[in-house]
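Visitor: I would like a close look at a single part of this model, taken slowly and with the geometry spelled out. Please begin with one residue and then widen the view to what else can be described in the same careful way.

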Amino acid sequence: MTNAEAYDRGFAHLSSHTVGPLLASACQVRAPRLLDVGCGTGVVTAAALAVGAEVTAVDADPGMLELASRRHPYATVRLAALPDLPFEDGQFDAIAGNFVINHVPDAAAALRELHRVLRPGGALALTWWKSDEMTATNVFTEAIAAARVPYDPPARPFTAHDTPRRFTALLVGAGFAGAAVETVRWRHRVDLATWWTDIVQAGGPRFAMIAGQPPETVERIRGHYLRLAEPYAGEGFPVCAYLARATSPPSP
């Protein structure tokens, strides 16, 4: 299980940049019934509640849900994960997923499930990282390699769908209409020592192995991280993500 407090300080702060564009794409009706899928600690949920949405938030991590439900008592928070959602057909006016589709084992099945729970005419908005421009976390992978620590990163089945063209085709195959993908770039400005602490403490599938190393190995990785991250200390890490939007076709 991920350390939700550390995740909130680190990854959630990083991913919050896309929340505005994500909700602008998803919330196309007043006071929508919105599903925040893969809600994490509730960054999207908070923003959606602020614009008057009726929010249902789901995540597979109990620690994330505990934090999200404590912070956002006006949202309905439930334990659930794609591709199996405990909702009726057409239950939501809008669905927003901030960096969740890149973590599901079967993206096609996940999109079919999202299409099922979205009402005809409803809006979908999803984000995922452009992995080769994800400097803010790639420095950790590069530091592990530089420290010559054996590392077997988790499989990434989403790689087969992570370009705009491929993902658009996946949306169309799941039954969505009006599919489009835009590129979002920004600089993630953060104290380098704080970023190290938050990412390592958060754990998760990619970097939990760092904290599990002997102390001298952790310090060796950290030294390489600081060296690799130093060029970004002033202007921040360059980061890139994709934002996909689509709709469920209206009923005939």
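Does Phe99 count as buried or exposed, and at what relative accessibility?

Guide: The model is a predicted one, and the values that follow are computed from it. Phe99 has a relative accessibility of 8%, and because buried means under 20% relative accessible area, Phe99 counts as buried. The residue sits in the loop between β4 and α6, the latter spanning 107–117, and its backbone deserves attention, since Phe99 has a positive phi of about 60 degrees although it is not a glycine.

Arg148 offers a useful counterpart, for its phi is near 60 degrees, again a positive value in a residue other than glycine. Arg148 belongs to the loop between α7 and α8, where α8 covers 164–173. Its relative accessibility is 75%, and because exposed means over 50%, Arg148 counts as exposed.

A further backbone feature is found at Pro83, which lies in the loop between β3 (76–79) and β4 (92–98). The peptide bond that runs from Leu82 to Pro83 is cis, and its omega is near 10 degrees.

Turning to the side chains, the structure holds 14 aromatic pairs. One of them joins Phe87 and Phe92, whose ring centres are 5.1 Å apart and whose planes stand at 90 degrees, so this pair is edge-to-face. Both partners can be placed by their accessibility: Phe87 is buried, with a relative accessible area of 7%, and Phe92, at 2% relative accessibility, counts as buried. The rings of Phe158 and Phe167 have centres 5.9 Å apart and planes at 65 degrees, and because an angle over 60 degrees counts as edge-to-face, this pair is given that description too. Phe158 and Phe167 are both buried, and they belong to a cluster in which ring pairs link Trp128, Phe158, Phe167 and Tyr242.

The loop of Arg148 begins after α7, and that helix leads to the packing of helices. Helix α7 (residues 135–146) and helix α11 (residues 215–229) have axes that come within 8 Å and cross at roughly 130 degrees. That angle makes α7 oblique to α11, and α7 passes α11 in a right-handed crossing. On the α7 side, the residues that meet α11 are Val139, Phe140, Glu142, Ala143, Ile144 and Ala146, while α11 brings Ile221, His224, Tyr225, Arg227 and Leu228. Sorted by class, the residues of this contact are eight nonpolar, one polar and two charged.

A second helix pair is formed by α9 (residues 192–202) and α10 (residues 204–211), which pack at an angle of about 105 degrees with their axes 7 Å apart. Since angles of 65 to 115 degrees count as roughly perpendicular, α9 is roughly perpendicular to α10. Here α9 makes the contact through Trp196, Ile199, Val200 and Ala202, and α10 does so through Gly204, Phe207, Ile210 and Ala211. By class, the contact of α9 with α10 has seven nonpolar residues, one polar residue and no charged residues.

To return to the starting point, Phe99 combines a positive phi with a buried setting at 8% relative accessibility, whereas Arg148, also with a positive phi, is exposed at 75%.

Definitions and conventions: Residues are numbered from 1 along each chain as its sequence is written. This is a predicted model: local features need pLDDT of at least 70, side-chain atom pairs count only at pLDDT 80 or more; totals for chains, interfaces and linings use all residues. Side-chain values use heavy atoms; hydrogens and water are left out. Rings of Phe, Tyr and Trp (its six-membered ring) pair if their centres lie within 6.5 Å; planes under 30 degrees apart count as stacked, over 60 as edge-to-face and the rest as tilted. Buried means under 20% relative accessible area, exposed over 50%, partly exposed in between (1.4 Å probe, protein chains only). Axes are lines fitted to C-alpha atoms, for helices over the stretch in contact, and angles run from 0 to 180 degrees between N-to-C directions. Helices (H or I, at least four residues) and strands (E, at least two) are DSSP runs, numbered from the N terminus. Angles under 35 degrees count as roughly parallel, over 145 as roughly antiparallel, 65 to 115 as roughly perpendicular and the rest as oblique. Contact means heavy atoms within 4.5 Å. Ala, Val, Leu, Ile, Met, Phe, Trp, Tyr, Cys and Pro count as nonpolar, Asp, Glu, Lys and Arg as charged, and the others, Gly among them, as polar. A crossing is left-handed if the near helix is turned anticlockwise from the far one by less than a right angle, and right-handed if clockwise.
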